[in-house]
Amino acid sequence: MYSSSKPAETAKISVRAARPLEYYRKFLEKDVRPDGRELGEFRPTILNIGCISTAEGSALVKLGNTTVMCGIKAEFATPKTEEPSNGYLVPNVELSPLCSPMFRPGPPGEQAQVLSHFVNEVLNQSCCVRKEDLCIKTGKLVWVLYCDILCLDYDGNAPDACILSLLAALKSTMLPAVKYNEETEKPETDSVKTEPLHILSNPVSSTFAIFDDHLLFVDPTVQEESLATGTVTIVTNDNDLCLVQKPGGSPVTADQMNTCFERAFSRSKEVLRLIDEILHSIER
Amino acid sequence: MPTDSRRIAGPESSTNPYSFCTEKPRHDLLKNGKRQDGRKENNLRPIFLKAGVVSQARGSAYIEQNETKVICAVYGPREVVRKEDFSMKGLLTCEFKFAIFSCRERRQHQQDIEEKDYSVQLLEALEPAVCLDKFPKAQMNIYVTVLQNDGSALAAAITCASVAMADSGIEMYDLVAGCAVRVAGKNLLMDPCNQEEYKPEDETGLTNSGSVTVGLMPSLQQVSAISSKGEIEFELVKQAVAKCVDVCTQLYPVLQQALVKSVSERQNEEG
Amino acid sequence: MILFPKHSMSTTPEGNLGQRICHLDENIICGQGTYSKNGFVYSSRAGYLHKLQSQDDKILFEVRSNVATTTVPSIDALVTARITNVTPRFCKCAIMSVGRTLLRETFRGQIRKEDVRATEKDKVEMYKCFRPGDIVVARVVSLGDAQSYVLSTAENELGVVIATSEAGSTMVPISWCKMQCPKSLSEEFRKVAKVQPLFIQYSGT
């Protein structure tokens with residue numbers, strides 16, 4: 001069948017594949033991206049909270065094609081002796097081979113490990129959940145919240161999607177009411193009554209990609225990520241800065257950083273409004 | 001247990017809070033001819049099936065049977081990296097995984113025995129339906145993740161994976177529809193939910209208690225997979241299989257509709 | 001040749017995977033996307049059913065799908081590949097697309113010294129034909145071994161279509177065996193494909 005297709009036609013398709021950088025430059029000269037977005041524009045964000053009823057809290061986030069699901073499982077554990085009234089928060093990000101051909105089965109790869117640590121840092125730095133709140137009986141029994149973030153479709157910008165899904169899932173988390181029986185030294189779980197988790201602050205992440213060492217654009221797709229010369233991730237915590245990550249790559253001027261900060265804060269407002277809307281619609 | 005340095009570690013051990021529930025709910029499978037969720041014996045749960053959900057995959061599908069939610073993505077044909085013998089037939093691999101938060105009990109990161117068992121069963125259900133000779137010396141990889149398990153996960157996975165395979169454009173002899181049935185005494189409960197599923201640990205001494213899962217190629221009317229658990233009389237197994245075959249045949253239009261929708265959506269995208 | 005130029009939509013049951021299309025008889029040929037079993041013709045793919053008339057007046061059924069279908073390199077297929085490794089006897093490459101279908105993941109291929117061009121096969125010097133990074137159009141000669149496909153560029157239209165000079169800019173072909181860098185004006189040897197002018201026109205858009 002292929003003998004009928006002419007060599008010239010075969011060559012035609014390879015342009016985009018063989019020269020993606022040139023292809024992108026042509027678009028960016030006019031301040032637009034091949035998918036029609038402006039440089040500072042995020043992809044449409046869709047949020048679904050409480051979609052998994054076997055988890056204590058859950059959320060599904062779609063950032064364009066990128067799809068991430070966060071499920072929170074609560075379990076009992078004994079606290080560490082050095083911090084007897086602190087609970088545990090255990091975030092893990094999984095980039096399964098299901099979500100992209102880049103990932104292979106087996107233990108988590110480099111990218112997944114980096115992401116897990118990033119999420120862990122954000123949780124610890126932002127203090128959005130106080131570990132003391134997770135205490136049931138000092139020195140005896142605390143909650144451990146396993147926050148497992150599963151990527152279902154990887155089209156770039158996993159950090160933003162992960163943090164958003166985590167925050168939304170934490171906000172929807174309902175822990176079963178527990179009484180600690182002093183006599184038997186055993187907990188008693190109420191199978192009906194639940195209590196919400198207190199969220200003290202709202203970390204929101206915004207990722208920027210650096211293109212050709214000077215151009216910055218927000219929310220990169222997987223192809224944009226592969227062409228970028230570096231990325232900057234800014235995590236805001238309500239009106240404060242929580243964390244900035246710039247793992248190497250091209251240098252950025254102070255002016256450019258300022259633009260990024262501004263965009264990150266405006267994004268934070270957009271995202272929090274979205275979460276509130278969805279949470280309200282669930283309560284009703 | 002060896003520590004896993006690639007993941008964020010939690011406390012050494014933790015227990016499920018629901019194992020400390022003060023009163024444990026007991027329930028009968030059938031009450032006045034009705035099941036706990038109000039269904040009759042033969043009734044299925046409503047099915048939502050959509051193909052083409054993962055943008056990065058060659059083919060993909062998502063299925064929802066009330067609270068059972070399964071996603072599947074297919075990649076390939078890709079080259080076989082490990083040095084194996086030259087083969088004119090393609091290779092099919094399958095990985096079945098329960099998401100960590102998908103069950104009442106927390107699941108582990110690594111594939112456990114149950115998941116490995118399901119992977120093999122799923123592979124065997126799909127292999128007869130795929131034209132393996134169309135992709136010589138290459139492989140297709142099927143990845144299935146159960147996002148939430150409320151029973152009949154394997155049956156849902158079979159249906160979902162076959163639609164995902166067809167969505168990838170690889171040639172197949174037929175689709176495969178999956179269906180499960182719970183056998184309890186003389187009762188056959190179709191499409192069991194989690195509470196109705198057969199659990200060997202709490203069914204001691206009962207005769208005729210178990211479950212059967214069937215994969216059927218509806219157009220060819222060929223069964224590609226049967227697996228049964230528990231202890232069931234032969235006559236009852238026969239009945240159960242016949243019922244499953246019936247249900248799978250009924251499911252066929254649902255599978256086809258999902259595919260047609262995905263095909264025409266792609267047609268529209270390309271103009 | 002086409003009997004019914006209008007496509008029947010896949011919403012008609014015939015176009016759907018596994019569906020029985022019709023009885024098999026001596027006047028019917030199973031084309032792509034179909035197979036025969038137990039005296040019937042079945043569809044093996046979700047797509048649109050086409051009923052065509054073949055040259056010897058038989059009816060040919062095909063189910064076509066807009067999803068890229070056969071995506072493994074097959075014998076005689078034209079492929080686009082990127083050269084990854086050049087040795088005196090052969091060069092290795094990564095196949096990026098088959099026919100008009102872009103592959104998401106590459107397959108390994110190799111071009112042996114004797115398959116580079118049709119004439120003067122014994123005088124071929126590999127490093128004067130390909131360099132790592134070049135994009136070539138080639139034809140699959142055999143499925144090769146378990147490792148790689150065997151490709152050939154022994155046709156005028158086959159060979160290097162895009163190459164970067166040592167100075168780093170895209171080169172322009174000046175003969176069937178030479179390309180020139182527009183910046184440094186230096187000339188480099190390549191096994192040049194004849195489609196080059198067309199190609200530059202496309203890459204400009």
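How far apart do the C-alpha centres of domain 1 of chain C and domain 2 of chain C lie? The answer is 39 Å, in a model that is predicted, and it rests on a domain assignment that places domain 1 of chain C at residues 13-64 and domain 2 of chain C at residues 78-203. With that spacing in mind, the reader can begin with chain C, and then turn to chain B, to the contact of chain B with chain A, and to chain A.

Chain C contains one helix and 15 strands, and 39% of its 205 residues count as buried. When contacts in chain C between residues at least 6 apart in sequence are considered, 50% of them join residues at least 24 apart. UniProt, in an unreviewed entry, places the feature "domain: Exosome complex component N-terminal" at residues 18-50 of chain C; over this span the model is 0% helix and 55% strand, and the end C-alpha atoms lie 16 Å apart. A further UniProt annotation from an unreviewed entry, "domain: Exosome complex component CSL4 C-terminal", covers residues 103-143 of chain C, where the model has 0% helix and 44% strand and the end C-alpha atoms are separated by 17 Å.

Further along chain C, Trp176(C) sits in the loop between strand S13 (172-175) and strand S14 (178-180) of chain C. Is Trp176(C) buried or exposed? Neither word fits fully, because Trp176(C) has 13 other C-beta atoms within 10 Å and is therefore partly exposed, given that a residue is called exposed at 12 or fewer such atoms and buried at 20 or more. Trp176(C) and Phe189(C), which are 13 residues apart in sequence, have C-alpha atoms 9.2 Å apart in space.

Chain B has three helices and nine strands, which follow one another along the sequence in the pattern β-β-β-β-α-β-α-β-β-β-β-α. The radius of gyration of chain B is 20 Å, close to the 18 Å that the globule rule gives for 271 residues, so chain B is as compact as a globular protein of that length. The C-alpha trace of chain B spans about 55 × 50 × 40 Å along its principal axes, and 49% of the 271 residues of chain B count as buried. Of the contacts in chain B between residues at least 6 apart in sequence, 72% join residues at least 24 apart.

Two of the helices of chain B can be followed in detail. Helix H1 (residues 113-126) of chain B has 14 residues, which at 1.5 Å a residue should span 20 Å, and its end C-alpha atoms are indeed 20 Å apart. The buried residues of H1(B) are Tyr118(B), Ser119(B), Gln121(B), Leu122(B), Ala125(B) and Leu126(B). An α-helix has 3.6 residues a turn, so residues three or four places apart point the same way. The buried residues of H1(B) pack against several elements of chain B, among them strand S4 (91-98), S5, H2 and strand S6 (177-184).

H2 itself, helix H2 (residues 153-167) of chain B, has 15 residues and reaches 21 Å from its first C-alpha to its last, close to the 21 Å expected at 1.5 Å a residue. Why can H2(B) be called largely enclosed by the rest of the structure? The reason is that 15 of the 15 residues of H2(B) are buried. Just after H2(B), Gly169(B) takes a positive phi of about 90 degrees.

Where chain B meets chain A, 34 residues of chain B are in contact with 44 residues of chain A. On the side of chain B that touches chain A, the elements that give two or more residues are strand S3 (68-79) and strand S5 (138-148) of chain B, and S5(B) gives the most, with four residues. By class, this side of chain B has 16 nonpolar, eleven polar and seven charged residues.

On the other side of that contact, chain A has six helices and twelve strands, and its C-alpha trace spans about 85 × 50 × 40 Å along its principal axes. Of the 284 residues of chain A, 44% count as buried. Among contacts in chain A with a separation of 6 or more, residues 24 or more positions apart account for 69%. The UniProt annotation "domain: Exoribonuclease phosphorolytic", from an unreviewed entry, covers residues 41-176 and 203-266 of chain A. Residues 41-176 of chain A are 23% helix and 38% strand, with end C-alpha atoms 40 Å apart, whereas residues 203-266 of chain A are 30% helix and 42% strand, with end C-alpha atoms 13 Å apart.

Key. Residues numbered from 1 in each chain as written. Chains lettered and ligands numbered in written order. Predicted model: local features only at pLDDT ≥ 70, side-chain atom pairs only at ≥ 80, totals over all residues. Contact = placed C-beta atoms within 7 Å. Nonpolar A, V, L, I, M, F, W, Y, C, P; charged D, E, K, R; others polar. UniProt positions renumbered as here; feature names shortened; annotations may be inferred. Expected span 1.5 Å × (residues − 1). Rg over C-alpha atoms; globule rule 2.2 N^0.38 Å. Domains from an automatic or database assignment.
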